[in-house]
Amino acid sequence: MARGIYECVKCGHREVKESNAALLENSCPECGSDMVLVGFEIEPVEEPINEPLMEKLGEFYSLGEMQTKGDVMAFEVLEIRETNFERVLKELEKLGYWAALKKREGKVVLFVFPAQPIKEENPLIGIGLFIATVLSTLFAGYWLSSSYIAFLDQYNLPGIRNIYLNALAFSISVLAILGTHEMGHKIAATLHGVKSTFPYFIPFPNILGTLGAVIRVKSPIPTRNAAIDLGSSGPIAGFVVAIPVLLIGLRLSPTLPISAAQMEGGIAFGQSLIMLFLERYIFRIPEDYVIYLHPVAIAGWVGILVTFLNLIPAAQLDGGHIARAFLGEKLHSILTFGLGLAMIGLSVLWAGWLIWGFIILLMGRIGNPGALDEVSPISPKRIVLALIVLAIFILSATPVPISVVQ
């Protein structure tokens, strides 16, 4: 029971009594008058120290001053004894905790907080979305194939006229590129102990039959090295698959002299550096020729475009995770804002950049939390990996993805 604080109505004497009655008559020890209840004395209750947790933390760090706020404990780190933060996180998670290593006012601070429960996903949702995406990409492939065959017939050109075979090849190619991209993320997440789902494919009734695929990351990214691995693994994996798909598709694509082709009002797919290289130096297509893309070539083109869009170093895109690993939170926010505005400006070239600009600005408001450990240095291997990704970003850049032939 909380003890009451009483005050004499006559002389003002105060003292604590083992009571919580509103009035104690004739109880003042100084003058004998009545005393009234004016408050309570609540004895502080000390939170029990989690000895296994403190013992484990002592193995990894020499800790100084400790502060608590709610469920979060903050320790000043005097010495880092374990440089592998992923091992630290794994051991703490066995005790029901996560941790973050940050720099605050020139000091290294370790934050320790309860681990959040991971909700199990219903696998039927992913399976259902995949089946729906297979059907939607088959339908899109059928439409693209019908246009391709009509072009062959119009100019009496050789090519594959089996509309169902072309549609199936398109569907398989798109799903392979998108699925490999997301599985790259999934494998990298698993290697770093980050919990994530399998890919969710997104069906959509458009020219491609899909809006892509995603995985859901369900636990924090432990280190900046892990963030670079997760950000780069998907685009690199998808790019590696997109190149042979593009090569096969270009091999199946007919060409005509520009003077003989009637392309007004048709759709022109934008050129990236990798596309230009393949057309000019691998297939040696003359500059005064036009190439009509086979559905498989369109799938490969989509893979290159998806790689480029995902590697934009903004917000929570794949490139954004890589950039956030190298930049602080403030600099990355400024970069995201600047890129969002730049894309709105680029809408004079392609209207789709207007949508992308607003999406990036909206994502930027949510922010990118970065890795749990922002103290440990980035390894030289990840710097090389980031440079490789930068090269892929430049090669796949498509300033005007789609336009109408005038």
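A residue counts as buried when its relative accessible area is under 20%, as exposed when that area is over 50%, and as partly exposed in between. Keep these limits in mind during the tour of this predicted model.

**Stop 1: an edge-to-face pair.** Select Trp-301. At 4% relative accessibility, Trp-301 is buried, because the limit is 20%. Now add Phe-269, which is partly exposed at 21%. The two ring centres lie 4.9 Å apart and the planes meet at 70°, so Phe-269 and Trp-301 form an edge-to-face pair. Phe-269 belongs to strand β12 and Trp-301 to helix α7 (residues 295–310), so the contact ties together parts 32 residues apart in sequence.

**Stop 2: a tilted pair.** The structure has nine aromatic pairs. In another of them, Tyr-142 and Tyr-164, the ring centres are 5.9 Å apart and the planes stand at 50°, so the pair is tilted. Tyr-142 sits in helix α3 and Tyr-164 in helix α4 (residues 163–191), with these positions 22 residues apart in sequence. Tyr-142 is partly exposed, at 36%, whereas Tyr-164 is exposed, at 59%. Before moving on, select Phe-308, Trp-350, Trp-353 and Phe-393, which ring pairs link into a cluster.

**Stop 3: the second largest pocket.** This pocket has a volume of about 900 Å³. Centre the view on Met-263, Ile-267, Ala-268, Val-290 and Ile-291, which are the closest to the pocket's centre among its 36 lining residues. Then colour α3 (123–155), β12 (267–269), α6 (273–282) and β13 (289–291), the elements that each give two or more residues to the lining. Which element gives the most to the lining? It is α3, with seven residues. By type, the lining holds 24 nonpolar, eight polar and four charged residues.

**Stop 4: three strands.** Show β5 (residues 61–69) and β6 (residues 72–80), which pair antiparallel over seven bridges. One of the bridge partners to pick out is Ile-80 in β6, opposite Tyr-61. Two residues separate the strands of this hairpin, and Gly-70 in the turn has a positive phi of about 65°. Next add β8 (residues 107–114), which runs antiparallel to β6 and is joined to β6 by four bridges. Here Phe-75 has Leu-110 in β8 as its bridge partner.

**Stop 5: cysteines without a bond.** How many disulfides does the structure hold? There are zero. Select Cys-28, which is buried at 5%. Its sulfur is 3.6 Å from the closest cysteine sulfur, in Cys-8, which is too far for a bond because a disulfide needs the sulfurs within 2.5 Å. Cys-31 is in no disulfide either, and the nearest cysteine sulfur, that of Cys-8, is 3.4 Å away. Cys-31 is partly exposed, at 34%.

Notes:
Residues are numbered from 1 along each chain as its sequence is written. This is a predicted model: local features need pLDDT of at least 70, side-chain atom pairs count only at pLDDT 80 or more; totals for chains, interfaces and linings use all residues. Side-chain values use heavy atoms; hydrogens and water are left out. On a 1 Å grid over the protein atoms alone, a cavity is a set of points where a 1.4 Å probe fits but cannot get out, and a pocket is an open set with protein on both sides within 12 Å along at least five of seven lines; lining residues have an atom within 4 Å of a point. Grid points are joined across faces, edges and corners, and a volume is the space filled by probe spheres set on the points. Ala, Val, Leu, Ile, Met, Phe, Trp, Tyr, Cys and Pro count as nonpolar, Asp, Glu, Lys and Arg as charged, and the others, Gly among them, as polar. Buried means under 20% relative accessible area, exposed over 50%, partly exposed in between (1.4 Å probe, protein chains only). Two strands pair if DSSP finds at least two bridges between them. Rings of Phe, Tyr and Trp (its six-membered ring) pair if their centres lie within 6.5 Å; planes under 30 degrees apart count as stacked, over 60 as edge-to-face and the rest as tilted.
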